[in-house]
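Got your viewer open? Load the chain and follow along, one selection at a time.

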Amino acid sequence: MDRRQFLRTSIAGVGALASLSLARRSTKAAATQGKTEGKVMLKLCSQDGRIPGKSLKEKVDNLLKWGGVGLEFGGMDVNRAKQLKADLTGTGVGVAALCFGYFSLIDPDEAKRKQAVEAVKRALDAAAEIGSTGVIVVPAFNNHPQLPYEEGRKVLVDLCPAISEHAKKVQSRILFEPLNKGEARFFNRLEQAAGVCRDAKAEGICMMGDFYHMAKEEKDDEAAFIAADGFLHHVHLASRARNLPGQDDRSFVAGFRGLKKIGYQDYCSLECGVKGDPMVEIPKSFAWMKQQWEEAVV
Ligand code: MG
């Protein structure tokens with residue numbers, strides 16, 4: 001399966017992920033040379049709970065009407081993944097990352113870390129079944145028991161090969177999410193998560209970025225995304241106050257420029273609140289982001 005086929009498959013929400021070694025390969029050089037194999041484009045997406053609708057069909061209809069192409073779901077098992085995949089097949093809406101969140105991978109208790117690895121494997125099974133981009137993983141929020149940073153980082157890197165082996169087997173990946181210090185003291189910046197991915201030397205270990213957390217932790221959105229080149233496979237969208245993009249002063253231009261420079265081809269997904277009526281404000285926000293994407297000249 002080549003990259004173009006992979007994109008089509010992702011958008012249709014069916015089928016397996018492309019070869020992870022291909023998907024993880026750095027695209028920076030190719031983008032610089034104008035030879036990116038797939039099309040770099042803004043693939044707008046949303047967590048399913050953010051989109052108004054009494055049923056999945058109503059949500060899909062609204063999303064498509066507003067120019068969205070993907071939905072992100074929360075954690076699920078393989079059975080629910082099968083059902084959702086069937087429900088979405090043929091709609092034109094793909095499945096972005098599955099937002100599982102916390103797994104106790106840096107817990108001081110080794111038995112809990114082993115249980116967490118098994119839980120991540122089951123999450124990968126569901127992500128693979130539904131044709132998702134991958135499993136969002138937070139190693140610890142501030143209120144969870146956790147090893148000190150350096151020790152936790154070493155433990156995490158050591159657990160990655162076992163997780164990656166399963167990810168490769170089912171053709172999926174995990175996506176570490178750096179959060180702001182108020183939520184998690186274990187990696188806050190994209191370059192820290194990229195460092196773990198790099199040190200893990202394991203194909204299924206990847207990461208994401210979230211504009212809300214980045215506004216608090218990154219000095220330069222463009223440089224932050226470039227630091228994640230080769231590992232970045234999901235993006236969360238929110239304004240500075242964690243409302244819809246465009247509802248406050250947060251600019252997305254520098255971040256979008258970084259995404260273009262690394263040849264980013266995965267989803268950008270709403271994870272935010274809304275000020276006002278979602279039926280009015282979400283399409284306005286999508287239009288505003290398309291404008292920001294155009295302004296991100298590289
Ligand atoms: Mg997020």
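How many of the five residues of S1 are buried? Four of the five, so S1 is largely enclosed by the rest of the structure. "Buried" here has a cut-off: 20 or more other C-beta atoms within 10 Å of the residue's own, with 12 or fewer counting as exposed, anything in between as partly exposed, and C-beta atoms placed from the backbone.

Two notes before you click further. Residues are numbered from 1 along each chain as its sequence is written. What you are looking at is a predicted model, where local features need pLDDT of at least 70 and side-chain atom pairs count only at pLDDT 80 or more, while totals for chains, interfaces and linings use all residues.

**Zoom out: the whole chain**

Colour by secondary structure and you get twelve helices and eight strands. These are DSSP runs numbered from the N terminus: helices are H or I with at least four residues, strands are E with at least two. Buried residues account for 49% of the 298 residues in the chain. Turn on contacts (C-beta atoms, placed from the backbone, within 7 Å): of those between residues at least 6 apart in sequence, 79% join residues at least 24 apart.

**The barrel**

Now show just the strands. All eight close into a barrel, ordered S1-S2-S3-S4-S5-S6-S7-S8, with parallel pairing. From one strand to the next, the twist averages 30 degrees. Two strands count as paired if DSSP finds at least two bridges between them.

Select S1 (43-47) and look to either side:

- S8 (residues 267-270) runs parallel to S1 and is joined to it by four bridges; lysine 43 sits opposite tyrosine 267 in S8.
- S2 is also parallel to S1, through three bridges, and here serine 46 faces leucine 71.

Step on to S2 (residues 70-74), which pairs with S3 in the parallel sense over four bridges. Pick glycine 74 and you'll find cysteine 99 of S3 opposite. S3 itself (residues 94-102) is mostly covered, with seven of its nine residues buried.

Further round, select S6 (residues 205-210) and S7 (residues 232-237): three bridges pair them in the parallel sense. Glycine 209 is opposite valine 235 in S7.

**A loop stop: isoleucine 51**

Go back to S1 and follow the chain towards helix H4 (56-65); isoleucine 51 is in the loop between the two. Is isoleucine 51 buried or exposed? Buried, because 22 C-beta neighbours fall inside 10 Å. Leaving out residues up to four places away in sequence, isoleucine 51 touches Ser46, Lys59, Asn62 and Leu63. If you want a distance to check, try isoleucine 51 to aspartate 61: ten residues apart in sequence, and 10.0 Å from C-alpha to C-alpha.

**The helices: H6, H7, H8**

Show H6 (residues 110-130) with H7: the two pack at about 30 degrees, their axes 10 Å apart. Axes are lines fitted to C-alpha atoms (for helices, over the stretch in contact), and angles run from 0 to 180 degrees between N-to-C directions. H6 and H7 are therefore roughly parallel to each other; the label covers angles under 35 degrees, with over 145 called roughly antiparallel, 65 to 115 roughly perpendicular and the rest oblique. The residues of the contact of H6 with H7 divide into ten nonpolar, one polar and three charged. In that scheme, Ala, Val, Leu, Ile, Met, Phe, Trp, Tyr, Cys and Pro are nonpolar, Asp, Glu, Lys and Arg are charged, and the others, Gly among them, are polar.

Next, swap H6 for H8. The axes of H7 (residues 149-170) and H8 come within 9 Å and cross at roughly 45 degrees, which makes H7 oblique to H8. Select Arg153, Leu156, Val157 and Cys160 in H7, and you'll see them meet Val196, Asp199 and Ala200 in H8. By class, that contact of H7 with H8 has five nonpolar, no polar and two charged residues.

Keep H8 (residues 190-200) on screen and bring back S5 (174-176) and S6: H8 lies across both, running at about 175 degrees to S6.

**Last picks: two positive phi values**

Most residues other than glycine have a negative phi. Which value does glutamine 171 have? Its phi is near 65 degrees, so to speak on the positive side. Glutamine 171 lies in the loop between H7 and S5, and is partly exposed, with 19 other C-beta atoms within 10 Å. Finish at lysine 201, in the loop between H8 and S6: phi is positive there too, at about 45 degrees. Lysine 201 counts as exposed, with 11 C-beta neighbours inside 10 Å.

Methods
Two residues are in contact if their C-beta atoms, placed from the backbone, lie within 7 Å.
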